[in-house]
Amino acid sequence: MGPRGRLILIEGLDRTGKSTQAELLACELGSNSVLLKFPDRTTPVGQLIDDYLKNRHNPLPDQAIHLLFSANRWEAARRIESALFAGKHVILDRYVYSGAAYSCAKNVPGMDMKWCLDPERGLIKPDFTIFFMNNGHESEQRAGFGDERYETVQFQDRVKHTFLELFETWENASYRENNMRFLNVANKSITEVALEVKQIAEKCIRQGQDEILRF
Ligand code: 2DT
Ligand code: MG
């Protein structure tokens, strides 16, 4: 059996170009890779999530939608694991960190970070996480901003702080040091970012470790 594939996550704030870059990276790695976007709106659970995001009056309680986002990842867990063991690299566009950061940023009593992270425990953890940031409010100028729930400047600010708190307080230092990169994409072209992402991914693939990490 050959070496297992790498799990590489592209995370970050809304409209920082995550999906574009995840697609470019998957393209770059070719048929030896699989691209998965979360939420995966194509599954039955994903359709409930899609409806929630598009309809501001959807009455699902915050706890319920949080658990659906998590279930949407668990639905894909076996697929991810078998792809990795088949030697394929799996590129993720959002994952557990988005799940915890967005829900926790809502400041719902009882839904603290631990509560938000608990349902994710046991999911495969990325071998490498690239976190896309920008300087401030560039994202709201992108086309389509405001169409979906969560797309307000005020909420995005809270999400940004919650992401940072999540990495600083809830992620271990060794993962932060060795398995993560914060990438400021402000004022960078798609091509420039793609090159950086490719270099990070290639290094991660070269270094390859055998054992699977888990949340
Ligand atoms: P996209 O715009 O990337 O499709 O995301 N979200 C995402 C959560 O609240 N919890 C999660 O677990 C995930 C994966 C982020 C749609 C929105 O869904 C949010 C933005
Ligand atoms: Mg979006």
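The questions and answers below go through a predicted model, starting at its ligand.

Reader: What makes Arg41 a polar contact of ligand 1?
Author: Distance does. An N or O atom in the side chain of Arg41 is 2.9 Å from an oxygen atom of ligand 1. The cut-off for a pair of N or O atoms is within 3.5 Å, so the pair counts.

Reader: How do you know that Arg94 and Gly99 make polar contacts with ligand 1?
Author: Apply the cut-off of 3.5 Å again. A polar atom in the side chain of Arg94 lies 2.7 Å from an oxygen atom of ligand 1. For Gly99 the polar atom belongs to the backbone, and the distance to an oxygen atom of ligand 1 is 3.4 Å. Both values are within 3.5 Å, so both pairs are polar contacts.

Reader: How much of ligand 1 does the protein bury?
Author: The protein buries 93%. The starting value is the 470 Å² that ligand 1 exposes when taken alone.

Reader: Where does ligand 1 sit?
Author: In the largest pocket. To be placed there, more than half of the ligand's atoms must lie within 2 Å of the pocket's grid points.

Reader: Which elements give two or more residues to the shell around ligand 1?
Author: Helix 3 (62-85) and helix 4 (96-104) do. Helix 4 provides the largest share, three residues.

Reader: Which residues surround ligand 1?
Author: Among them are Lys37, Phe38, Pro39 and Arg41. Leu53, Phe69 and Arg73 also belong to the shell, as do Arg94, Ser98, Gly99, Tyr102 and Tyr150. A residue enters this list when one of its heavy atoms lies within 4 Å of the ligand.

Reader: How many residues of the shell around ligand 1 are nonpolar, polar and charged?
Author: Six are nonpolar, two are polar and four are charged. Tyr counts as nonpolar here, and Gly as polar. So Tyr102 goes with the nonpolar residues and Gly99 with the polar ones.

Reader: What is the peptide bond from Phe38 to Pro39?
Author: It is cis, with omega near -5°. Pro39 lies in the loop between strand 2 (33-37) and helix 2 (44-54).

Reader: Why is Arg94 called buried?
Author: Its relative accessible area is 12%. Buried means under 20%, so Arg94 qualifies. That value takes only the protein chains as cover. Arg94 is found in the loop between strand 3 (89-93) and helix 4. Its phi is near 70°, a positive value in a residue other than glycine.

Reader: Why is Asn107 called exposed?
Author: Exposed means over 50%, and Asn107 has a relative accessible area of 57%, so the word applies. Asn107 also has a positive phi, near 55°, and is not glycine. The loop between helix 4 and helix 5 (113-117) holds Asn107.

Reader: What makes helix 4 mostly covered?
Author: Nine of its nine residues are buried. Val96, Tyr97 and Ser98 are among them, and so are Tyr102, Ser103 and Cys104.

Reader: Why is Phe85 called partly exposed?
Author: Its relative accessibility is 37%. That falls between 20% and 50%, so Phe85 is partly exposed. Phe85 is found in helix 3.

Reader: Why is Arg4 called buried?
Author: Its relative accessibility is 7%, and the cut-off is under 20%, so Arg4 counts as buried. Arg4 lies in the segment before strand 1 (7-12).

Reader: What does the side chain of Arg4 contact?
Author: The side chain of Asp127 makes a polar contact with the side chain of Arg4, at 2.8 Å. A polar atom of the Arg4 side chain also lies 2.8 Å from the backbone oxygen of Asp210.

Reader: Which side chain has a polar atom 3.0 Å from the backbone oxygen of Asp127?
Author: That of Asn179. Asn179 lies in the loop between helix 7 (173-178) and strand 6 (180-184). At 13% relative accessibility, under the 20% cut-off, Asn179 is therefore buried.

Reader: Why is Lys125 called buried?
Author: Lys125 has a relative accessible area of 8%, under 20%, so the term fits. Lys125 is found in strand 4 (residues 124-125). Its C-alpha is 7.5 Å from that of Ile212, a residue 87 places away in sequence.

Key
Residues numbered from 1 in each chain as written. Chains lettered and ligands numbered in written order. Predicted model: local features only at pLDDT ≥ 70, side-chain atom pairs only at ≥ 80, totals over all residues. Heavy atoms only, no water. Polar contact = N/O pair within 3.5 Å; in protein donor to acceptor, adjacent residues only side chain to side chain. Areas by Shrake-Rupley, 256 points an atom, 1.4 Å probe, with all protein chains shown as cover. 1 Å grid on protein atoms, 1.4 Å probe; cavity = no way out; pocket = protein on both sides within 12 Å on 5 of 7 lines; lining within 4 Å. Helix = DSSP H or I, 4+ residues; strand = E, 2+ residues; numbered from the N terminus. Buried < 20%, exposed > 50% of the residue type's maximum accessible area, 1.4 Å probe, protein only.
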